[in-house]
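Me: Please take a close look at one part of this model with me. I am in my first year, and short sentences help.

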Amino acid sequence: MKEKYQLLLQDDFDAGQLNTDYWFPFYLPQWSSRKKSMPSYKIKDSILTLYISNHQQPWCQEWNGDVRVSNLQTGVFSGPLGSKLGQHRFTDSLLVREQQETEIKVALHYGWVEFKARCRIAKENVAALWLIGTEKEPQESAEICLFELKGWNVAKGKSIIGYGVHPFGDAQIQDSFYEEEQSIEVEAWNTYAFDWDEAGIDFYINGICIKHVNESPDYPMQLMLNLYNIGQENDEQSVFEIDYVKVYQLNNRNKHF
């Protein structure tokens, strides 16, 4: 990368097993439990494959209905049992059901994120890579979505890709999220990236800048890599495959928090 960056995370999945120096293999377990939010995945031939097992149960039925998810994230934080403190409060009713010890493996505060992926998903699936604030301060809660693909938006030779910024509890951020048709075959390998600094975020697909967003959260953010099933159909052949993930921190920023 350019000299202004330092490497923070590079995972080519060559080891054949999950690198737990980078990845925490549960989905927001504070709102549910580690048992219910455990992902289904495999690593073979240097490819990470996320899928939804036929035996998986809804991860958080109390607040998220029948949604099932296989997720890897690069950190976790929650308050005490029964509190409202924790990452990614997607509804105001959330209470901590299983307290988590703070474990921020990788977070960046400005930099470059890139991954190479292909998606063979059904209409009831959503594949995504996004970042959330580590939320040591509750207002540090915006989301940067690098890539979101809804299965019902997939067509031959073109698909609607979501990307952008959501504020959630950050009053300094305006919602700047886009869903736009891109002339790519999502079942083939494509690279998705963003370049984030104080001035905003540039989003890229296959090396081409598709949008500049002026919004820029000003705090450390961790990665969330996941596949959802928002229906009740079982299909372990619907997969989100990742060849690599790379994260570069802008120089003069801390690596761990």
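Reply: Start with a term. Two strands pair if DSSP finds at least two bridges between them. Strands of a sheet pair through backbone hydrogen bonds, and the pairing can be parallel or antiparallel. Keep in mind that this model is predicted.

The part to look at is the sheet around β9. The sheet is open and has 6 strands. Read across, their order is β4-β15-β8-β9-β10-β11, and the pairing is antiparallel. Which strands stand at the edges? They are β4, residues 68–73, and β11, residues 176–182. Each of these has a single partner strand, so one side of each has no neighbour in the sheet. On average, neighbouring strands are turned by 15 degrees against each other, with direction ignored.

Now go to β9 itself. This strand covers residues 143–155. One of its partners is β8, residues 125–133. The two run antiparallel and share 7 bridges. You can find individual contacts here. A127 faces L149 of β9. I132 has E143 of β9 as its bridge partner.

The loop between β8 and β9 holds A142. Is A142 buried or exposed? Its relative accessibility is 0%, so A142 counts as buried. Compare its place with that of N64. These two residues are 78 apart along the chain, and their C-alpha atoms are separated by 20 Å.

Next, look at β10, residues 158–166. It pairs with β9 in the antiparallel sense, again over 7 bridges. Within this pair, C145 stands opposite G164 of β10. The two strands form a hairpin with 2 residues between them. There G157 takes a positive phi near 75 degrees.

Stay with C145 for a moment. A disulfide is a covalent bond between the sulfur atoms of two cysteines. How many disulfides does a search of the whole structure find? The count is 0. For C145, the nearest cysteine sulfur belongs to C119 and is 12 Å away. The cut-off for a disulfide is 2.5 Å between the sulfur atoms. C145 is therefore in no disulfide. C145 is also buried, because its relative accessibility is 1% and the limit for buried is under 20%. Another cysteine, C60, is buried with a relative accessible area of 4%.

Follow the chain past β10 now. F168 lies in the loop between β10 and β11. Most residues other than glycine have a negative phi. F168 is not a glycine, yet its phi is positive, at about 45 degrees. With a relative accessible area of 39%, F168 is partly exposed. A similar case sits in another loop. S46 is found between β2 (40–44) and β3 (47–51). Its phi is about 65 degrees, also positive, and it is not a glycine. S46 is partly exposed, at 24% relative accessibility.

Now turn to the edge strand β4. It pairs with β15, residues 221–229, in the antiparallel sense over 6 bridges. Q73 stands opposite M224 of β15. In a regular strand the side chains alternate between the two faces of the sheet. What covers the faces of this strand is worth checking. R68, S70 and L72 are buried on one side, and V69, N71 and Q73 are buried on the other. That makes 6 of the 6 residues of β4 buried, so the strand is largely enclosed by the rest of the structure.

Finally, look at the open spaces. Rolling a probe the size of a water molecule over the atoms shows where empty space is left. The largest pocket holds about 400 Å³. What lines it? There are 17 lining residues, and Y27, H88, W130, E148 and Y228 lie nearest the centre. β8 and β9 each supply at least two residues of this lining. β9 gives the most, with 4 residues. The lining divides into 11 nonpolar, 3 polar and 3 charged residues.

The second largest pocket holds about 210 Å³. Its lining includes F77, K84, H88, R89, E135 and F168. The full lining divides into 4 nonpolar, 4 polar and 3 charged residues. F168 thus appears here as well as in the loop after β10.

Methods:
Residues are numbered from 1 along each chain as its sequence is written. This is a predicted model: local features need pLDDT of at least 70, side-chain atom pairs count only at pLDDT 80 or more; totals for chains, interfaces and linings use all residues. Side-chain values use heavy atoms; hydrogens and water are left out. Axes are lines fitted to C-alpha atoms, for helices over the stretch in contact, and angles run from 0 to 180 degrees between N-to-C directions. Buried means under 20% relative accessible area, exposed over 50%, partly exposed in between (1.4 Å probe, protein chains only). On a 1 Å grid over the protein atoms alone, a cavity is a set of points where a 1.4 Å probe fits but cannot get out, and a pocket is an open set with protein on both sides within 12 Å along at least five of seven lines; lining residues have an atom within 4 Å of a point. Grid points are joined across faces, edges and corners, and a volume is the space filled by probe spheres set on the points. Ala, Val, Leu, Ile, Met, Phe, Trp, Tyr, Cys and Pro count as nonpolar, Asp, Glu, Lys and Arg as charged, and the others, Gly among them, as polar.
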